[in-house]
Amino acid sequence: MAILTIEELATRLPPYQAIAGLDLGTKTIGVSVSDLGRRLASPREVIRRVKFGIDAQALLALAAKEKIAAFVIGLPVNMDGSEGPRCQATRAFVRNMGERTDIPFVLWDERLSTVAAERALIEMDVSRKKRAERIDSAAASFILQGALDRLALLPKDGASAG
């Protein structure tokens, strides 16, 4: 497994395979999956965190079921651009996943993704209780949609954009 930049991923992705977006929390993992054309992110059920081995099995089962070609995982960078303990935990999670899968990961700056997800759910008039259940997967959708939008602008054949 490799950690790739979004630009590297664009040149390596096989056609017509989905990408998963992940929002790694301490209690849950928010999950979103793209369509096969990689244009739209759709939220999935959250994965309740138990311990790493069980969490990894759940992610890999999802990857097999949905034919996932790559994971885009939110990197919780501080607003000033610095990395704190949550970034270290995310990087450790990705390293540990690398021992279990060849599916590449892209680390995606997730600043404000949860805020944006919460606003969207409020605008849809989702109750506070249901928002709490859906926020992690909604945040994963914002993370993945940002990556999909960036991928759409990148050359796919390794050609230089500049």
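These exercises with worked solutions concern a predicted model of a protein.

**Exercise 1. Overall make-up**

Task: State how many helices and strands the protein has, and give the order of its elements.

Solution.
- Step 1. The secondary structure comes to five helices and seven strands.
- Step 2. Read from the N terminus on, the elements run β-α-β-β-β-β-α-β-α-β-α-α.
- Step 3. Of the 162 residues in the protein, 43% are buried.
- Step 4. Among contacts with a separation of 6 or more, 66% are made by residues 24 or more positions apart.

**Exercise 2. Two packed helices**

Task: Describe how helix α2 packs with helix α3, and list the residues that make the contact.

Solution.
- Step 1. Two packed helices are described by the angle between their axes and the distance between the axes.
- Step 2. Helix α2 covers residues 52-66 and helix α3 covers residues 85-98. Their angle is about 70 degrees, and their axes are 11 Å apart.
- Step 3. Angles of 65 to 115 degrees count as roughly perpendicular, so α2 is roughly perpendicular to α3.
- Step 4. The crossing of α2 and α3 is right-handed.
- Step 5. On the α2 side, the contact is made by Phe52, Ala56, Leu59 and Leu60. On the α3 side, Phe93, Asn96 and Met97 take part.
- Step 6. Sorted by class, the contact of α2 with α3 has six nonpolar residues, one polar residue and no charged residues.

**Exercise 3. The nonpolar cores**

Task: Find which residues have the most contacts inside the largest nonpolar core, and which elements give two or more residues to this core.

Solution.
- Step 1. The largest nonpolar core has 24 residues.
- Step 2. Leu22, Ile29, Leu59, Phe71 and Ile73 have the most contacts inside this core.
- Step 3. Two or more residues come from each of β2 (18-24), β3 (28-34), α2, β6 (68-75), α3 and β7 (105-109).
- Step 4. There is also a second, separate core of 18 residues, which includes Ile6, Ala10, Ala70 and Ala147.
- Step 5. Return to Leu22 in the largest core. Leaving out residues up to four places away in sequence, Leu22 touches Ile29, Gly30, Val31, Leu59, Phe71, Val72, Ile73, Gly74, Phe105, Ala140 and Ile143.

**Exercise 4. Ile73**

Task: Is Ile73 buried or exposed, and which residues does Ile73 touch?

Solution.
- Step 1. Ile73 is in strand β6.
- Step 2. Buried means under 20% relative accessible area. Ile73 has 0% relative accessibility, so it counts as buried.
- Step 3. Not counting residues up to four places away in sequence, Ile73 touches Leu22, Leu24, Thr90, Phe93, Val94, Phe105, Val106, Leu107, Trp108 and Ile143.
- Step 4. Ile73 and Glu110 are 37 residues apart in sequence, while their C-alpha atoms are 8.5 Å apart in space.

**Exercise 5. Cys87 and Ser34**

Task: For Cys87 and for Ser34, give the element, the relative accessible area and the residues touched.

Solution.
- Step 1. Cys87 is found in helix α3, and its relative accessible area of 0% makes it buried.
- Step 2. Apart from residues up to four places away in sequence, Cys87 touches Leu75, Pro76 and Val77.
- Step 3. From C-alpha to C-alpha, Cys87 and Leu107 are 9.9 Å apart, with their places 20 residues apart in sequence.
- Step 4. Ser34 lies in strand β3 and is buried, with a relative accessible area of 5%.
- Step 5. With residues up to four places away in sequence set aside, Ser34 touches Ala18, Ile19, Leu40, Ala41, Leu144 and Leu148.

**Exercise 6. Three loop residues**

Task: Place Tyr16, Lys67 and Gly81 in their loops, and say how accessible each residue is.

Solution.
- Step 1. Tyr16 is in the loop between α1 (6-12) and β2. At 66% relative accessibility, Tyr16 counts as exposed.
- Step 2. Tyr16 is not a glycine, yet it has a positive phi of about 55 degrees.
- Step 3. Lys67 is in the loop between α2 and β6, and at 53% relative accessibility it counts as exposed.
- Step 4. Lys67 has a positive phi of about 55 degrees and is not a glycine either.
- Step 5. Gly81 lies in the loop between β6 and α3. Its relative accessibility is 41%, so Gly81 counts as partly exposed.
- Step 6. Gly81 and Asp109 are 28 residues apart along the chain, and 9.3 Å separates their C-alpha atoms.

Definitions and conventions
Residues are numbered from 1 along each chain as its sequence is written. This is a predicted model: local features need pLDDT of at least 70, side-chain atom pairs count only at pLDDT 80 or more; totals for chains, interfaces and linings use all residues. Side-chain values use heavy atoms; hydrogens and water are left out. Axes are lines fitted to C-alpha atoms, for helices over the stretch in contact, and angles run from 0 to 180 degrees between N-to-C directions. Helices (H or I, at least four residues) and strands (E, at least two) are DSSP runs, numbered from the N terminus. Angles under 35 degrees count as roughly parallel, over 145 as roughly antiparallel, 65 to 115 as roughly perpendicular and the rest as oblique. A crossing is left-handed if the near helix is turned anticlockwise from the far one by less than a right angle, and right-handed if clockwise. Contact means heavy atoms within 4.5 Å. Ala, Val, Leu, Ile, Met, Phe, Trp, Tyr, Cys and Pro count as nonpolar, Asp, Glu, Lys and Arg as charged, and the others, Gly among them, as polar. A nonpolar core is a set of buried Ala, Val, Leu, Ile, Met, Phe, Trp, Tyr and Cys residues joined through side-chain atoms within 4.5 Å. Buried means under 20% relative accessible area, exposed over 50%, partly exposed in between (1.4 Å probe, protein chains only).
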